[in-house]
Amino acid sequence: DSALYFPITLWGEQEFVRKVAREEFLYGIFWGGMSVMLLYNIFLFVAMRNRSYFYYSCYLLSVLLFVGIESGHGAAWLTDGRIIFDKFHVTIAIWCTWLFGLLFAHRFLEIRERHPLMHQFFKPLFVYSLLCCGLSLQLPPQAALIVSVYFCGYASALMPLLGMYAWFSGNKIASYFTLAWLCNVTGFVAVSLVATGRAPATPLL
């Protein structure tokens with residue numbers, strides 16, 4: 001016989017209320033900051049008609065969708081307790097985050113115009129990502145989620161490499177892109193490790 005052990009934490013009423021209040025305060029900072037960035041980039045796209053702002057807005061919206069479903073805030077705010085968002089929608093949010101992030105990188109770094117060699121690599125990568133997205137969505141929800149986490153987790157590590165290549169090739173704006181994606185990949189890898197059971201979901205607060 002074998003046994004399963006689950007970590008259990010017992011909270012006093014006041015301690016639990018303070019813990020939840022701290023968590024919700026941090027979520028409020030996150031949602032507020034992301035919403036401001038989203039609205040700002042939508043405004044820039046409407047004003048300047050630059051597609052990089054459109055792709056970045058879609059990327060931010062995908063991240064918000066993922067966090068909203070994963071944290072439970074989306075269900076609490078948008079569905080009145082009804083089950084509308086599930087693991088299938090988490091998978092869609094992950095793929096949208098990766099695909100729009102890829103399109104944003106291509107446009108923001110001006111890869112077609114400034115890095116033709118990278119552009120030749122970029123097109124098949126995007127097509128391959130679309131194919132993997134379509135195939136994974138035909139799988140059962142749990143399997144589709146695992147495939148999306150692994151694929152997008154490993155593939156996202158390419159972003160800082162693309163940024164560094166553009167940076168060392170003389171593209172000055174690529175420095176900001178590279179540093180931002182290094183932080184982004186660190187967070188995505190942490191979420192992927194927890195989602196696949198390779199790291200414990202230990203609360204920080």
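R114 is partly exposed at 39% relative accessibility, a class that lies between buried (under 20% relative accessible area) and exposed (over 50%), with a 1.4 Å probe and protein chains only. R114 forms a salt bridge with E110, and the closest N and O atoms of the pair are 3.5 Å apart; a salt bridge here is a side-chain nitrogen of Lys or Arg within 4 Å of a carboxyl oxygen of Asp or Glu. E110 is also partly exposed, with a relative accessible area of 34%. The model is a predicted one, in which local features need pLDDT of at least 70 and side-chain atom pairs count only at pLDDT 80 or more, while totals for chains, interfaces and linings use all residues. Residues are numbered from 1 along each chain as its sequence is written, and side-chain values use heavy atoms, with hydrogens and water left out.

The structure holds 3 salt bridges. Helix α1 (residues 13-48) is a good place to look next; helices are DSSP runs of H or I with at least four residues, numbered from the N terminus. In α1, the side chains of R18 and E15 meet in a salt bridge at 3.8 Å, N to O. These two residues are 3 residues apart in the helix, and so are separated by about one helical turn. R18 is partly exposed at 45%, and E15 is partly exposed at 38% relative accessibility. K19 pairs with E23 in a salt bridge whose closest N and O atoms are 2.6 Å apart. K19 and E23 are 4 residues apart in α1, which again means a separation of about one helical turn. K19 is buried, with a relative accessible area of 11%, whereas E23 is partly exposed at 23%.

The surface also has a nonpolar side. F25, L26 and I29 form a nonpolar patch with about 320 Å² of accessible area together. Such patches are made of residues with over 30% relative accessible area and no salt bridge, with nonpolar side chains (Val, Leu, Ile, Met, Phe, Trp, Tyr) joined within 5 Å and like charges within 9 Å. The areas come from the Shrake-Rupley method with a 1.4 Å probe, and for residues only the protein chains shown count as cover. I29 lies in α1.

Turning to the interior, the largest nonpolar core has 40 residues. A nonpolar core is a set of buried Ala, Val, Leu, Ile, Met, Phe, Trp, Tyr and Cys residues joined through side-chain atoms within 4.5 Å. Those with the most contacts inside this core are I94, W95, W98, L102, F151, M159 and F177. Two or more residues each come from α1, α2 (51-71), α4 (87-108), α6 (116-136), α7 (141-156), α8 (158-168) and α9 (174-195). Helix α4 gives the most, with 9 residues. In soluble globular proteins, nonpolar side chains tend to be buried together.

What does F151 touch? Not counting residues up to four places away in sequence, F151 touches W95, W98, Y128, S129 and C132, where contact means heavy atoms within 4.5 Å. S129, in helix α6, is buried at 0% relative accessibility. Leaving aside neighbours within four places in sequence, S129 is in contact with W95, W98, L99, L102 and F151.

Helix α8 shows two faces. Its buried residues are M159, P160, L162, G163 and A166. Seen down the axis of α8, these fall within an arc of 160 degrees, so they line one face of the helix; the arc is that of the directions from the helix axis to the C-beta atoms. The face turned away from the buried side of α8 carries the exposed residues L161 and F168. Just after α8, G170 takes a positive phi of about 105 degrees.
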